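Colleague: Please take a close look at a single helix in this model, and set it in the context of the whole chain.

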Amino acid sequence: IFVYSHMVLGGITMYFLIKKFGLSFYAGLVGGTVWILSAFNIIWVQAEMVGPILFIVPLLFLTILRVLENKCLLNILAVASAIALAFSAGNLVMFLVIIWVAGLYAFVVIVKNIIRSKTRVKSIKQISSMFWVSVFSAGLSAFFLIPTFYYLLTLGRETPAFSDVPMPQDS
């Protein structure tokens, strides 16, 4: 139920993302369906850490568009929450890939707006809003990261040395 609920939420969120681009109802319906039934998602659905990612990726793109259109605290917190949710999914590599892609997406949208607009004020506001997104997302991610880091320190892991490996006795 956990994974399938994320698949359905991911499809619905992808539908709204496609509608945000101004495409038709049917394009959104097909896009959302293709997103949840894509080969990557179906193959990785067995891993519970990918389930939230199916929902978080379109949510992150949708909220980034909203914060770049309208800089308000609610939109900034929405993007920061999506980033923190990506971190809480449980896979650090997947989190880093999502952050890299989201940052690249925001960068491309901002550069496109700089090229198209004659005034730079809106672009400066967009850059400042993405700065605040990164600050809030780091704070929300720290909510998960600090206890995890503390727990890992209490495990007492030591790097094994070659001398620790049991060797067969010479007879």
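Modeller: Accessible areas here come from the Shrake-Rupley method with a 1.4 Å probe. On that basis, the protein chain of this predicted model has an accessible surface of about 11,400 Å², and carbon and sulfur atoms account for 73% of that surface. Of its 171 residues, 36% count as buried.

The protein chain contains seven helices and zero strands, so from the N terminus on the order of elements is simply α-α-α-α-α-α-α. Among contacts between residues at least 6 apart in sequence, 68% join residues at least 24 apart.

The part I would single out is helix 2, residues 25-36. Its length can be checked by arithmetic: at 1.5 Å a residue, the 12 residues should span 16 Å. The expected span is 1.5 Å times one less than the number of residues, which is why 12 residues lead to that value. In the model, the end C-alpha atoms of helix 2 are 17 Å apart, which agrees.

Next comes the question of which residues face inward. The buried residues of helix 2 are Gly28, Gly31, Gly32 and Ile36. They cover an arc of only 125 degrees around the axis, and therefore lie on the same side of helix 2. On the other side of helix 2, Tyr26, Val30 and Val34 are exposed; exposed here means over 50% relative accessible area, whereas buried means under 20%.

As for the cover, the buried residues of helix 2 are covered by elements including helix 1 (2-20) and helix 3 (39-44).

Definitions and conventions
Residues numbered from 1 in each chain as written. Predicted model: local features only at pLDDT ≥ 70, side-chain atom pairs only at ≥ 80, totals over all residues. Heavy atoms only, no water. Helix = DSSP H or I, 4+ residues; strand = E, 2+ residues; numbered from the N terminus. Buried < 20%, exposed > 50% of the residue type's maximum accessible area, 1.4 Å probe, protein only. Contact = heavy atoms within 4.5 Å. Arc of directions from axis to C-beta.
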